Amino acid sequence: MTFGMVTADISSIALRRRCRGVRHSRLWWLWLTVGTLATGSYYLLPEGGMGRNVVYQAIGLASALFIVLAVRLHRPPHPAMWYWFAAAEAIWFVADIIFEYYQYTEVEAPYPSEADALYLLGYPMIFVALQRVAHRNGNGGRDVAGLVDATILATGLGLVFWVVMMEPLAADSTAPMLERLVSVAYPAADVLLLALLARLAFGVASWTPTMRLLAVGVVLLLIGDTGYSLLDLYTDSDGTYLDAMFLLSYVTWGAAALHPSMCPPAAVARAESRMTAGRILLLGTSSLLGPVLLLVPRIGGNIRDRSAIGIGAIVLFLLVLLRMSGFVGQVQRQARQLADMAMRDDLTGLANRRRFERDLGRALRRGDRPVVALVGLTGFKSVNDQLGHAVGDQLLVSVGRRLSAGVDPRALVARMGSDEFAILIGDATPESAATLVETITAALHDAFHVGGHELLINGSIGMAEATDATTAMELFRRADIAMYAAKTSGESCRWYTAELDQLAGEEARLGAELRTALDAGQFRLVYQPIVELPHGHIKAVETLVRWDHPERGFISPAEFIPVAERNGLIMELGAWILREACQQASRWRAELGDLAPERISVNASARQLAHRGFAALVASALKDSGLSATSLTIEVTETAVFEGGQAVDTLHRLHDLGVRIALDDFGTGHSSLGLLQTVPVDVLKVDKSFVDTITMAGRHAVIATALIQVADGLGLTAVAEGVETAEQAAELERLGYRLAQGFYFGRPEAQPDFTRDRGAAVGPATA
Ligand code: C2E
Ligand code: MG
Ligand code: MG
């Protein structure tokens, strides 16, 4: 659907470049004015004089020439239709000359003459031209309804033509056969013209000035023609005033060609023929024309008229029937489309939440054993923020495609929310459920190529199966909880178990207790030394929070910080930690002077960084404590920064204050080296996992080695985290690390002893 639209846009741009319709925009009305005035002057000249003939011919020829000129000027993509118009006018021009020649040389022109042959030859040319116009500017034959409507109108009016003109002409037994044939040919041509006009009227998608002028020209020609035939049949008038109709039709065709809108926009809206009230009225009237004609007394008595009307009425009846059945079909189709749209996700074309819940409910009611897989994409928000919504949207479309392509065709793939997909297996077996997990994992495994980017996306899968008493809502909630658990624990997939509900309950309790703990002052801060290698002199300390729970004792920050993150309490807790740490550092500076650590690190979580006011909070903590900005380092994790725009913005503001930025646990998150260039980083904290393996045999030091090189190359300071042994310290020193932190140098303490250096000479410190 989307792709179709894109193509149409591109082709219309291409055409707009080719067309030069914008220029010469005044020529058309100039010609319209001059042509109309000339038509007027025709009547001022003496009847039967040479002057009239000259004006008549001049207008015809000029119009043909203007059409050719217009094609040259505007360069429409499909010039042929215009040449057909010009050719018809040229032929009629010649026919007129022959006709006038007879008038001048002979007493009376023969009928039919060569002129009639040429007049009649002009009609097929106009038909071809109009056929092309209808095709280019309308629905190109696809609009069957429009075609049927046009036929109804043409049949009804054709019937009138037959009764009023063609039948009397054909029945005139006094005239020779050829004459009768030619006489009938004119109104016959007019009926065809009428049919084509009706086709235009119903089929044209956009009525540009060019299209209107063209149609007006055809109407004028029709009036002129019919007028002549009727006058000829029923009166003695010669009908010179009808010449104006022909002349003006020439003028309007010329103007139509000259108008800038002759170069059509490529993307024509292909609207289906709609049943408007006006159209119903028109079609109704047309189909009634037959029966109404029967009421005219003269006609009712004529057997040939009666059979023509009878046949015509039957044809009309069948056409109306056809149209009605088409109309009903159209209504049904639209109803289906609407129903379909209500069940579909606009962006991906997958099923939406409504459809998913409906199908899940049905499966449960049938007594099947459905399995629900809920897939949440990690890092999608950052794709959206960093690469733009267009790329984000394309990524979702691609993910949707891969999921649909991978899973069993009987499974239902749906998009549930911004970056959540769900898959339903109606009647699952343990095998099919296991296969589903594998398929989803495989579908997300390879990088997505979107908008020139190569994107690796992690998904967390939550699985839930229907046990006896589950409703659609409950099953969905379970899959959600399982997905959430997978996301928190970093696993790719979790099945729902009752334990997860319990854990969620515990988390809720812990969250509530955090509030009390903060008010009751159960938190305290400890500081872990960061030392210089090799001598172990304390360069800085990292602030770490501790919670002494009155009943449960010590609770690790690794446990309660994520909870505080999720329930939002981290904002208040973090602010307290920040102020407290800055004041402590400032006190040490006052009490210990040069012995005090040069810098103090404070950890900041993703939620804090994502908050607009965070930089201002840091500035105020520094101001209140009197600590200089250069003495403060804020530690952030890669993931927190990778997640989005505001976090990066915050880091820039902090950096502008003079605060240093450290990337914590480096190497365990996204580890995007590109991040080091977009984010103002000063310190890389190399994760403990790379330090742990550094003294083992084999290739274990590879990453620690690479990371010190990256840090050096980018002018960053590297800190090795979690150093526990003298061997590790020595090896790190050998690799080029100048700063290290870990139990070997000192455990986190409320009041570390800054008077002594740490390291091999001193031996591992204990908390
Ligand atoms: P982190 O920022 O990477 O902090 C280092 C963690 O490693 C600390 O754990 C520290 O006690 C521990 N550690 C240091 N040296 C060693 C060692 O040699 N061996 C071992 N096994 N561990 C060592 P802790 O204090 O439990 O903190 C865990 C995490 O909780 C921190 O990781 C940090 O992400 C978070 N955290 C701690 N305090 C705060 C805080 O005040 N604010 C925020 N937002 N997060 C905090
Ligand atoms: Mg840290
Ligand atoms: Mg760390």
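## A tour of the ligand 1 site and its magnesium ions

Start at strand β9 (537-549), which gives the largest share of the shell around ligand 1, 4 residues. What you have open is a predicted model, where local features need pLDDT of at least 70, side-chain atom pairs count only at pLDDT 80 or more, and totals for chains, interfaces and linings use all residues. Residues are numbered from 1 along each chain as its sequence is written, chains are lettered from A and ligands numbered from 1 in the order in which they are written, and side-chain values use heavy atoms, with hydrogens and water left out.

**Stop 1: the shell.** Select the residues with a heavy atom within 4 Å of ligand 1. There are 21 of them, and the closest are Glu542, Arg546, Asp664, Glu724 and Phe743. Besides β9, colour α19 (557-567) and β13 (660-666), since each of these three elements supplies at least two shell residues; helices (H or I, at least four residues) and strands (E, at least two) are DSSP runs, numbered from the N terminus. By residue class, the shell holds 8 nonpolar, 5 polar and 8 charged members, with Gly counted as polar.

**Stop 2: polar contacts.** Now show N or O pairs within 3.5 Å. On glutamate 724, a side-chain N or O atom sits 2.6 Å from a nitrogen atom of ligand 1. Oxygen atoms of the ligand are met by glutamate 542, at 2.9 Å from a polar side-chain atom, and by aspartate 665, at 3.1 Å. Alone, ligand 1 has 790 Å² of accessible area, and the protein covers 80% of that (Shrake-Rupley method, 1.4 Å probe).

**Stop 3: the metals.** Select ligand 3, a magnesium ion. Its protein donors (N, O and S atoms within 2.8 Å, or 3.2 Å for Na, K and Ca) are Asp664 (OD), Asp665 (OD) and Glu721 (OE), the last listed twice, at 1.8 to 2.7 Å. Water is not among the atoms, so the site may look incomplete. Aspartate 665 lies in β13 and glutamate 721 in the loop between β15 (717-720) and α28 (726-735), so this pair ties together parts 56 residues apart in sequence. Add ligand 2, another magnesium ion 4.1 Å away, and you will find aspartate 664 coordinating both.

Buried or exposed: which word fits glutamate 721? At 11% relative accessibility, glutamate 721 is buried, whereas aspartate 665, at 26%, is partly exposed (buried is under 20%, exposed over 50%, partly exposed in between; 1.4 Å probe, protein chains only).

**Stop 4: zoom out.** Colour domain 1 (19-138 + 204-273), domain 2 (143-181 + 277-342), domain 3 (353-496) and domain 4 (521-762), with bounds from an automatic or database domain assignment. The C-alpha centres of domains 2 and 4 are 88 Å apart.

Conventions. Polar contact = N/O pair within 3.5 Å; in protein donor to acceptor, adjacent residues only side chain to side chain.
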